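Biologist: I am new to this model and would like a close look at one part of it, with the rest brought in where it helps.

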Amino acid sequence: MAATLSTPLAVRDLTVAYQKKPVLRNVNVEVPEGKLIGIIGPNGAGKSTFIKAVLGLVPVASGQTDIYGKPYKMQRKLVGYVPQRESVDWDFPTDALDVVMMGRYGRLGWFRRPGKSDREFALECLRKVGMAEYADRQISQLSGGQQQRVFLARALAQEAQLYFMDEPFAGVDAATEKAIIQLLNELKQQKKTVLVVHHDLQTVEEYFDWVILLNRRIIAAGPTRETFTAENLQKTYGGRLHIFGNQVLLASDSTVDEEDAR
């Protein structure tokens, strides 16, 4: 697998272990540009760990990650990240606009202060997610769906080429979910690449062009129509998966991965 300057993400032989216990083993995957990509798998499969390893947020036992043909450390400005909402300290004393403005620092550098144009751009990002009227509201006073929209606006403010979103649909209302998928499709139209950790198997075919089926290793990866099959899902979920015609049901699952609590 040879990463090129046109390849948004290429991961080779990625292995991650917690306390010597492998969470991800020999992960190899290369994703195409301009696609909405779902990262699918059961609880404890390493989905969130995969994103965090790519972003250098957890130690890696072995492997290499390239963003557009170069190591992540050289390409930070090209990458946007929306973490799980549960991992954020929502009591931190700041308002919605300040959170979004944080997304500008990667482009400005830490020694340049954001100016009027950055503030206007941040407000525009809030407008895109329907949160402009809450710009001055403390984030602790926002609902879960509103908080998620603010973090999406922060990612937009980064003006990235490659986005990682960890469970953006978890615990949000129907209106927010609709707003998120509309935003993802807008990013796709701009030739951005978006990887999304996602749990709802019923919406995978509707939401994503491409999928990565993961359970500590890559089970399958490719276009949704070819890859999101009953056979591959059974390999990914094992006995926890039941398929009835077009319905896919999990015997037991939740919205938070085992590794996310770490």
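Which residues on the other side of H6 are exposed?

Modeller: This is a predicted model, in which local features need pLDDT of at least 70 and side-chain atom pairs count only at pLDDT 80 or more, while totals for chains, interfaces and linings use all residues. Residues are numbered from 1 along each chain as its sequence is written, and side-chain values use heavy atoms, with hydrogens and water left out.

On that other side of H6, Ala174, Lys178 and Gln189 are exposed (over 50% relative accessible area with a 1.4 Å probe, protein chains only; buried is under 20%, partly exposed in between). Asparagine 185 also belongs to helix H6, and because its relative accessibility is 31%, asparagine 185 counts as partly exposed. Although asparagine 185 and glycine 34 are 151 residues apart along the chain, their C-alpha atoms are separated by 10.0 Å.

The buried residues of H6 are Thr176, Ile180, Ile181, Leu183, Leu184 and Leu187. Seen down the axis of H6, these buried residues fall within an arc of 155 degrees (taken from the directions from the axis to the C-beta atoms), so they line one face of the helix. The elements that cover them include strand E3 (36–40), H5, strand E7 (162–166), strand E8 (193–197) and helix H7 (204–207). The names are DSSP runs numbered from the N terminus, with helices (H or I) of at least four residues and strands (E) of at least two.

As for its length, helix H6 (residues 174–189) has 16 residues and should span 22 Å at 1.5 Å a residue (counted for one less than the number of residues), which agrees with the 23 Å between its end C-alpha atoms. Just after H6, lysine 191 takes a positive phi of about 70 degrees.

Leu184 of H6 leads on to the interior of the model, where the largest nonpolar core (buried Ala, Val, Leu, Ile, Met, Phe, Trp, Tyr and Cys joined through side-chain atoms within 4.5 Å) has 47 residues. Val100, Leu126, Val150, Met165, Leu184 and Val194 touch the most other members of this core. Helix H5 (residues 144–157) gives the most to the core, with seven residues. Setting aside residues up to four places away in sequence, valine 194 touches Lys35, Leu36, Ile37, Tyr163, Met165, Leu184 and Leu187 (heavy atoms within 4.5 Å). Apart from this core lies another, of 31 residues, including Val29, Ile39, Tyr68 and Leu214. In soluble globular proteins, nonpolar side chains tend to be buried together.

Two other helices can be set beside H6. Helix H4 (residues 116–128), with 13 residues, reaches 19 Å from its first C-alpha to its last, close to the 18 Å expected at 1.5 Å a residue. In H4, the residues Asp118, Ala122, Cys125 and Leu126 are buried. They cover an arc of only 100 degrees around the axis, which puts them on the same side of H4, whereas Lys116 and Ser117, on the other side of H4, are exposed. Glycine 130, just after H4, takes a positive phi of about 70 degrees. In helix H1 (residues 47–54), eight of the eight residues are buried, so H1 is largely enclosed by the rest of the structure. Among those buried in H1 are Lys47, Phe50, Ile51 and Lys52. H1 is followed by glycine 56, whose phi is positive, near 75 degrees.

For the chain as a whole, there are nine helices and 12 strands, and buried residues make up 52% of its 262 residues. Among contacts between residues at least 6 apart in sequence, 69% join residues at least 24 apart.
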